[in-house]
Amino acid sequence: MDISAVNSLSYEEFVEIFGNVVEKCPLVAATVWSQRPFSSISDIETAITDFIDGLPNAGKEGILRCHPDLAGWDLQRGMLTPESQAEQSHAGLTQLEPAEAAHISALNTQYKQHFGFPFIICARMNDKPTILLQLHQRLSNKPAHELVRAIQEVKRICHLRLHGLMCHSGPSHLNSTPPKL
Ligand SMILES: NC(=O)N[C@H]1NC(=O)NC1=O
């Protein structure tokens with residue numbers, strides 16, 4: 001899809017197509033639609049990241065809470081969004097041994113109890129070992145720092161989903177440049 005096609009979308013169509021670039025947060029797409037015409041895909045991404053950055057911390061935490069756990073209950077019930085399903089599968093999280101699943105579940109629970117939102121990482125840019133390592137390491141972050149860190153991961157996920165929609169280039173979009181951490 002090129003940018004002129006995006007700019008000609010009604011808000012209903014725009015939300016239909018871009019409503020899940022931030023997981024289960026169609027409000028983000030519905031908001032940035034007002035900023036058309038976009039000059040490029042990066043322009044859309046900037047509008048989205050500016051919107052997220054402008055939220056109070058409680059709003060940022062709300063965005064985080066819309067994300068499913070990695071290898072969690074939604075995955076087990078087949079209730080993930082197609083995007084999340086593909087991302088978690090890419091990282092090998094849909095094929096865990098029972099002991100691995102129990103280990104990640106225990107860490108996810110510990111993380112959520114500590115920070116009040118789920119552990120979030122861009123699964124397409126990681127694999128099982130790095131996800132586990134990050135989960136361990138980030139548990140010891142200060143809450144304010146971890147909120148920033150988790151939002152950075154949301155932006156990375158958003159970046160890849162946006163490029164996926166614009167490029168129709170298959171499951172992996174790692175060739176594009178992700179936001180800097
Ligand atoms: N919890 C979490 O990180 N979930 C997300 N990560 C990702 O790449 N896709 C998701 O749904």
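Q: Helices (H or I, at least four residues) and strands (E, at least two) are DSSP runs, numbered from the N terminus; which element gives the largest share of the lining of the second largest pocket?
A: This is a predicted model in which local features need pLDDT of at least 70 and side-chain atom pairs pLDDT 80 or more, while totals for chains, interfaces and linings use all residues. Residues are numbered from 1 along each chain as its sequence is written, and side-chain values use heavy atoms, without hydrogens and water. The lining (residues with an atom within 4 Å of a point of the pocket, an open set on a 1 Å grid over the protein atoms alone, with protein on both sides within 12 Å along at least five of seven lines) includes Pro143, Ala144, Leu147, Val148, Ile151, Gln152 and Lys155. Helix H5 (57-65) also gives two or more residues to this lining, but the largest share, seven residues, comes from H10.

Q: How many residues of that lining are charged?
A: Ala, Val, Leu, Ile, Met, Phe, Trp, Tyr, Cys and Pro count as nonpolar, Asp, Glu, Lys and Arg as charged, and the others, Gly among them, as polar. Lys60, Glu61 and Lys155 are among the lining residues of the second largest pocket. The lining divides into seven nonpolar residues and two polar ones, and the charged residues number three.

Q: Where does the ligand sit?
A: Let's turn to the ligand. Among the residues that surround it (a heavy atom within 4 Å) are Leu70, Phe119, Ile120, Cys122 and Ile157. By class, this shell has eight nonpolar, one polar and two charged residues. The ligand sits (more than half of its atoms within 2 Å of the grid points) in a space where a 1.4 Å probe fits but cannot get out, namely the largest cavity.

Q: Which helix gives the most to the lining of the largest cavity?
A: Eight nonpolar, three polar and three charged residues make up this lining. Three of the lining residues come from one helix, and that is H7.

Q: Which residue has an N or O atom in its side chain 2.6 Å from an oxygen atom of the ligand?
A: Three polar contacts (pairs of N or O atoms within 3.5 Å) can be looked at together. A nitrogen atom of the ligand is 2.7 Å from a polar backbone atom of Pro68, and an oxygen atom of the ligand is 2.8 Å from a polar backbone atom of Ala123. The side-chain partner, at 2.6 Å from a ligand oxygen, is Ser84.

Conventions: A polar contact is a pair of N or O atoms within 3.5 Å; within protein, one must be able to donate a hydrogen and the other to accept it, and residues adjacent in sequence count only if both atoms are side-chain atoms.
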